[in-house]
Amino acid sequence: DLDSREKLNTRRKMNEEGDAPCDLELDVVRRCLPAALLGGSGRPFEACEKDFRAVATLPADADEQRVGTVLNRGWACAWRAFRQPVEQLVAQAQAVGECRPAAPVKNTAGKGRWTA
(Lines give C-alpha, C1' and ligand atoms only; values in the text may rest on other atoms or scores of the structure.)
Protein backbone atom coordinates (compact mmCIF):
# COMPACT_ATOMS: atom_id res chain seq x y z
CA ASP A 1 0.00 0.00 0.00
CA LEU A 2 1.48 3.34 -1.09
CA ASP A 3 1.13 6.41 1.11
CA SER A 4 1.24 9.41 -1.23
CA ARG A 5 2.46 11.69 1.54
CA GLU A 6 5.78 9.82 1.58
CA LYS A 7 6.41 10.76 -2.07
CA LEU A 8 5.45 14.43 -1.74
CA ASN A 9 8.81 15.73 -0.57
CA THR A 10 10.89 13.93 -3.18
CA ARG A 11 12.78 15.76 -5.89
CA ARG A 12 11.62 15.25 -9.44
CA LYS A 13 13.96 12.86 -11.20
CA MET A 14 15.16 14.16 -14.54
CA ASN A 15 16.11 12.24 -17.67
CA GLU A 16 15.49 8.76 -16.27
CA GLU A 17 13.95 5.88 -18.17
CA GLY A 18 10.60 4.72 -16.85
CA ASP A 19 8.40 6.33 -14.26
CA ALA A 20 8.10 5.30 -10.65
CA PRO A 21 4.56 4.84 -9.31
CA CYS A 22 2.69 8.14 -9.18
CA ASP A 23 5.43 10.21 -10.88
CA LEU A 24 3.05 11.51 -13.54
CA GLU A 25 0.47 12.40 -10.91
CA LEU A 26 3.13 14.13 -8.81
CA ASP A 27 4.13 16.20 -11.83
CA VAL A 28 0.51 17.33 -12.16
CA VAL A 29 0.47 18.31 -8.47
CA ARG A 30 3.83 20.07 -8.84
CA ARG A 31 2.36 22.14 -11.68
CA CYS A 32 -1.13 22.69 -10.31
CA LEU A 33 -0.51 23.69 -6.69
CA PRO A 34 2.02 26.49 -7.28
CA ALA A 35 -0.15 27.87 -10.10
CA ALA A 36 -3.21 27.79 -7.80
CA LEU A 37 -1.32 29.56 -5.01
CA LEU A 38 0.06 32.28 -7.30
CA GLY A 39 -1.31 35.70 -6.45
CA GLY A 40 -2.10 35.01 -2.81
CA SER A 41 -1.30 37.68 -0.26
CA GLY A 42 0.90 37.42 2.77
CA ARG A 43 4.44 36.44 3.49
CA PRO A 44 4.49 32.78 2.33
CA PHE A 45 2.78 33.64 -0.96
CA GLU A 46 5.09 36.57 -1.64
CA ALA A 47 8.22 34.56 -0.77
CA CYS A 48 7.28 31.94 -3.35
CA GLU A 49 5.84 34.22 -6.04
CA LYS A 50 8.85 34.11 -8.37
CA ASP A 51 9.03 30.29 -8.30
CA PHE A 52 5.24 29.90 -8.57
CA ARG A 53 5.14 32.26 -11.56
CA ALA A 54 7.90 30.25 -13.28
CA VAL A 55 5.82 27.08 -12.86
CA ALA A 56 2.62 28.75 -14.07
CA THR A 57 4.30 30.13 -17.20
CA LEU A 58 6.28 26.99 -18.05
CA PRO A 59 5.80 26.34 -21.77
CA ALA A 60 4.52 22.92 -22.80
CA ASP A 61 7.47 22.44 -25.15
CA ALA A 62 10.19 23.26 -22.59
CA ASP A 63 13.11 20.84 -22.47
CA GLU A 64 13.09 18.18 -19.76
CA GLN A 65 16.03 19.68 -17.86
CA ARG A 66 14.31 23.09 -17.56
CA VAL A 67 10.99 21.50 -16.60
CA GLY A 68 12.68 19.52 -13.83
CA THR A 69 14.52 22.54 -12.47
CA VAL A 70 11.45 24.80 -12.49
CA LEU A 71 9.15 22.18 -10.95
CA ASN A 72 11.68 21.28 -8.25
CA ARG A 73 12.17 24.93 -7.26
CA GLY A 74 8.44 25.69 -7.23
CA TRP A 75 7.65 22.55 -5.27
CA ALA A 76 10.45 23.17 -2.75
CA CYS A 77 9.00 26.60 -1.99
CA ALA A 78 5.43 25.27 -1.80
CA TRP A 79 6.55 22.44 0.47
CA ARG A 80 8.49 24.79 2.75
CA ALA A 81 5.64 27.31 3.08
CA PHE A 82 2.53 25.09 2.83
CA ARG A 83 3.60 21.62 3.96
CA GLN A 84 0.90 21.00 6.56
CA PRO A 85 -2.11 21.92 4.39
CA VAL A 86 -0.69 19.94 1.46
CA GLU A 87 -0.20 16.86 3.63
CA GLN A 88 -3.75 17.23 4.99
CA LEU A 89 -5.16 17.56 1.47
CA VAL A 90 -3.38 14.41 0.32
CA ALA A 91 -4.38 12.44 3.43
CA GLN A 92 -7.98 13.41 2.91
CA ALA A 93 -7.84 12.59 -0.80
CA GLN A 94 -6.51 9.14 0.06
CA ALA A 95 -9.23 8.55 2.65
CA VAL A 96 -12.09 9.80 0.47
CA GLY A 97 -10.67 8.60 -2.83
CA GLU A 98 -10.66 12.01 -4.51
CA CYS A 99 -9.79 15.66 -3.97
CA ARG A 100 -12.83 17.80 -3.32
CA PRO A 101 -12.94 21.59 -3.25
CA ALA A 102 -13.73 23.44 -0.07
CA ALA A 103 -17.44 23.96 0.50
CA PRO A 104 -19.37 26.06 3.02
CA VAL A 105 -20.29 24.32 6.26
CA LYS A 106 -23.98 24.57 7.13
CA ASN A 107 -25.07 26.58 10.16
CA THR A 108 -21.90 28.72 10.36
CA ALA A 109 -23.30 31.81 8.64
CA GLY A 110 -20.75 31.40 5.88
CA LYS A 111 -17.77 31.61 8.23
CA GLY A 112 -16.81 27.93 8.12
CA ARG A 113 -15.28 26.06 5.21
CA TRP A 114 -14.30 22.42 5.02
CA THR A 115 -13.36 19.87 2.40
CA ALA A 116 -16.01 17.21 2.31
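Helix α2 passes helix α4 in a left-handed crossing, and that is where our tour begins. The model on your screen is predicted, so treat each stop as a look at a prediction.

**Stop 1: α2 against α4**

Select residues 23-37, which make up α2, and then residues 64-96, which make up α4. Turn the view until you can see both helices. Their axes come within 9 Å and cross at roughly 65°. The two helices are therefore roughly perpendicular to each other.

Next, show the side chains where they touch. On the α2 side, select Asp-27, Val-29, Arg-30, Arg-31, Leu-33, Pro-34 and Leu-37. On the α4 side, select Val-67, Leu-71, Gly-74, Trp-75, Phe-82 and Val-86. Try colouring them by class: this contact has nine nonpolar residues, one polar residue and three charged ones.

**Stop 2: α2 against α3**

Keep α2 on screen and add α3, residues 43-56. How do the axes of α2 and α3 cross? They come within 8 Å, at an angle of roughly 130°. That makes α2 oblique to α3. The crossing of this pair is left-handed.

Now pick out the residues that meet here. From α2 come Arg-30, Arg-31, Pro-34, Ala-35 and Leu-37. From α3 come Phe-45, Phe-52, Val-55 and Ala-56. Colour this contact by class too, and you will find seven nonpolar residues, two charged ones and no polar ones.

Before moving on, click on Arg-30 in α2. Arg-30 belongs to the contact with α3, and Arg-30 is also part of the contact with α4. Pro-34 is another α2 residue to click: Pro-34 meets α3 and also takes part in the contact with α4.

**Stop 3: the disulfide**

Which two cysteines form a disulfide? Select Cys-48 and Cys-77 and show their side chains: the sulfur atoms are 2.0 Å apart. Cys-48 sits in α3 and Cys-77 in α4, so you are looking at a link between distant parts of the chain, with 29 residues from one cysteine to the other. Look along the S-S bond as well: the angle about that bond is -90°, and the link is left-handed. A search of the whole structure finds one disulfide.

Now switch on a surface. Are these two cysteines buried or exposed? Cys-48 counts as buried, because its relative accessibility is 2% and the cut-off for buried is under 20%. Cys-77 is buried too, with a relative accessible area of 3%. For another cysteine, go to Cys-32, which is partly exposed at 47%.

**Stop 4: Ala-76**

Stay on α4 and select Ala-76. This alanine is partly exposed, with a relative accessible area of 36%. Draw a distance from its C-alpha to the C-alpha of Cys-48, and you should read 9.3 Å, although the two residues are 28 apart in sequence.

**Last stop: the whole chain**

Hide the side chains and zoom out to the cartoon. What can you count along the protein chain? There are four helices and two strands. Starting at the N terminus, the elements follow the order α-α-α-α-β-β.

Finally, colour the chain by accessibility. Of its 116 residues, 27% are buried. Contacts tell you something about the fold as well: among those with a separation of 6 or more, 48% are between residues 24 or more positions apart.

Technical notes. Residues numbered from 1 in each chain as written. Predicted model: local features only at pLDDT ≥ 70, side-chain atom pairs only at ≥ 80, totals over all residues. Heavy atoms only, no water. Axes fitted to C-alpha atoms, helices over the stretch in contact; angles between N-to-C directions. Parallel < 35°, antiparallel > 145°, perpendicular 65-115°, else oblique. Left-handed = near helix turned anticlockwise from the far one by under 90°. Contact = heavy atoms within 4.5 Å. Nonpolar A, V, L, I, M, F, W, Y, C, P; charged D, E, K, R; others polar. Disulfide = S-S within 2.5 Å. Buried < 20%, exposed > 50% of the residue type's maximum accessible area, 1.4 Å probe, protein only.
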